[in-house]
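Hi,

Here's the structure I promised to pass on. Have a look at it first, and my notes are underneath.

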Amino acid sequence: MKRLSTLTMIGVALLVSACNDKGGDTLAHGADPKLPAPQRGLLPSMKIAEPTPWGDQKPTVPEGYSVTAIAGDLQIPRQTLVLPNGDILVAEGRGGNAAKLKPKDVIAGYIKAKGNTKVKSGNRLTLLRDADGDGKYELKTVFADNLNAPYGLAFADNKIYVANQDALVRFDYSEGQTAAAAAPTTITQLPSEINHHWTKAMTISPDGRYVYVGIGSNSNITERGMEAEVDRAMVWQIDVNTRTYKPYATGLRNPTALAMHPETGQLWSVVNERDELGPDLVPDYLTSVREGGFYGWPYSYWGQNVDPRVKPENPKKVAAAIKPDYSLGSHVAALGLSFSQPVMGAKFANGAFVGEHGSWNRANPVGYKVIFVPFAGGRPAGEPIDFVTGFRDANGKTRGRPVGVTVDPKGALIVADDLANVVWRVTPNR
Amino acid sequence: MTPVTTATPAYRSQPGSPPGPLHAIFLAGTVPLFVGALLSDIAYSNTYQIQWSNFASWLLAGGELFAGIALLFALVNLLRAPRKSGQPLTYFALLLITWVLGLVNCFQHAKDAWAVMPAGLVLSVIVSILICVTAWIGLSQRIPHAGGVK
């Protein structure tokens with residue numbers, strides 16, 4: 001196998017250097033993106049940006065805004081939660097236990113790992129506190145550990161909900177607490193077999209009765225078999241009192257962040273779409289999630305565009321597939337979603353912040369930033385605006401990769417960076 | 001008079017002579033690996049059961065490894081042959097073509113799910129036929145100028 005993998009790597013290098021399918025510099029955004037025909041050479045385009053430290057550098061934010069690192073040396077920070085007293089919880093970890101089924105998995109896994117942190121999974125929640133409100137988070141302490149790749153976080157009725165990669169758990173909380181009093185209660189198990197896409201995104205209904213958990217597919221496009229996709233690529237609605245659940249919406253390949261729109265109470269999600277159909281397919285998207293809705297995966301994408309890689313076909317499901325609301329561009333890997341508030345400043349008062357982890361399946365990398373999608377009347381309205389950039393340096397090396405974004409009602413955007421293992425805080429100057 | 005051979009390790013055949021045992025094992029071993037990949041591809045296209053496609057990928061990878069080692073032996077034999085033409089050249093060229101097409105087939109099989117098809121199946125058929133012909137020719141090489149053997 002060694003021989004083959006060396007040859008393949010040479011092949012990959014040749015392909016990337018001699019590539020004529022780099023994809024456009026501008027991405028198809030909005031409700032009606034232009035979709036090119038699928039294409040895929042003998043080898044997939046892979047471009048992994050080599051990591052480099054931030055050093056003295058910081059991300060770039062719009063004029064009139066400041067950015068500071070409020071915590072470092074974390075163990076893979078993913079999502080954050082702002083508690084009522086202003087304390088910030090950070091979920092840290094890495095999950096997944098997908099077996100390598102083909103020679104390709106061995107090689108692609110090796111290449112992709114080069115673009116990620118080497119730090120071990122924290123499997124814990126860290127609490128950050130700024131007691132005097134000066135913007136410096138002087139307290140950094142472990143709130144809870146021995147978790148299993150925690151990702152989704154939610155708070156209601158003095159309970160903290162944590163979506164581990166295999167279970168939904170709950171901590172009792174009283175204001176001011178800096179460490180959990182006891183081990184958490186398990187509300188329900190979550191699908192975790194294989195866990196190709198392991199992140200369990202989560203949000204909670206305003207009344208605190210239902211949590212919504214995003215469960216990603218167990219493959220790119222069913223290459224682990226249809227049997228592996230039972231209970232995958234969907235959003236569950238879980239009643240936290242009765243501990244019953246139901247699929248709320250399906251066909252969402254990898255719903256990596258969920259949020260409730262503050263005015264309409266509508267559930268929204270960012271979803272990562274399938275790879276290896278070319279640099280400008282398939283757009284990752286931001287969409288309202290309709291109860292009972294089917295969003296296409298695996299049979300089709302962006303409505304009724306049939307994916308020929310899926311056998312047996314299912315024309316009925318294709319016909320039923322809902323077109324998502326808003327394209328974020330292909331391969332940007334949106335992993336964070338948070339609705340804004342007027343305290344973020346006039347230009348960014350109404351809309352959604354989206355953290356984009358960045359591409360691998362594209363010769364010309366995209367993502368690696370936090371964008372703002374303006375909303376009007378509870379719907380996306382207009383082109384996205386860059387909000388936090390500079391995660392790749394001038395030489396194309398990667399200093400950080402944004403994951404979760406959370407609007408702090410005090411007037412800040414909290415951004416988790418899982419490459420530099422830092423939490424950034426962006427505030428409007430006043 | 002029988003020609004006197006210089007000390008030759010057992011694993012190495014004489015110039016222009018039939019493959020030695022190790023060479024023969026790798027060459028002949030490639031046949032069931034590539035044919036096994038073809039059978040797995042046929043099973044996948046009939047059933048859509050992904051595990052057959054996984055089997056095909058690994059059988060092809062094994063076939064490439066075996067064929068690659070046989071190819072090195074064939075190259076050395078060719079370089080050491082008194083006349084660089086005829087059977088040693090035909091055998092080497094066929095094995096090289098088989099190996100390159102096999103590598104293309106490996107990449108084709110690295111695509112996800114049904115994206116392997118139909119090109120993967122077509123390539124497996126071609127590579128299977130080629131390796132059978134190549135092994136046949138490679139293993140039936142005669143010793144030139146050897147007394148008593150015609």
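Below is what I found, going from a sheet to the cores and then to the chain contact. Keep in mind that this is a predicted model.

Let's start with the sheet in chain A. It is an open one built from four strands, ordered S6-S7-S8-S9, with antiparallel pairing. Strand S6 (152-156) and strand S9 (185-189) of chain A sit at the edges, each pairing on one side only. From one strand to the next, the twist averages 20 degrees. Inside the sheet, strand S7 (residues 159-163) and strand S8 (residues 167-172) of chain A run antiparallel and are joined by five bridges. If you want a spot to zoom in on, A:Ala163 stands opposite A:Leu168 of S8(A).

Next, the nonpolar cores. The largest has 98 residues, and the members touching the most others are A:Met202, A:Val211, A:Val213, A:Val235, A:Val354 and A:Val423. There's also a second, separate core of 28 residues, with B:Leu33, B:Leu60, B:Ala70 and B:Ala110 among them. Back in chain A, what does A:Val211 contact beyond its neighbours within four places in sequence? The partners are A:Ala154, A:Tyr161, A:Leu168, A:Met202, A:Ile204, A:Ile238 and A:Val240. A:Leu168 turns up again there, having already appeared opposite A:Ala163.

Finally, the contact between the chains: chain A gives 24 residues and chain B gives 21. On the chain A side, helix H1 (2-17) and helix H2 (103-113) each supply at least two residues, and H1(A) has the largest share with four. That side of chain A splits into 11 nonpolar, four polar and nine charged residues.

Cheers

Conventions
Residues are numbered from 1 along each chain as its sequence is written. Chains are lettered from A and ligands numbered from 1 in the order in which they are written. This is a predicted model: local features need pLDDT of at least 70, side-chain atom pairs count only at pLDDT 80 or more; totals for chains, interfaces and linings use all residues. Two strands pair if DSSP finds at least two bridges between them. Axes are lines fitted to C-alpha atoms, for helices over the stretch in contact, and angles run from 0 to 180 degrees between N-to-C directions. A nonpolar core is a set of buried Ala, Val, Leu, Ile, Met, Phe, Trp, Tyr and Cys residues joined through C-beta atoms within 7 Å. A residue is buried if 20 or more other C-beta atoms lie within 10 Å of its own, exposed if 12 or fewer, and partly exposed in between; C-beta atoms are placed from the backbone. Two residues are in contact if their C-beta atoms, placed from the backbone, lie within 7 Å. Ala, Val, Leu, Ile, Met, Phe, Trp, Tyr, Cys and Pro count as nonpolar, Asp, Glu, Lys and Arg as charged, and the others, Gly among them, as polar.
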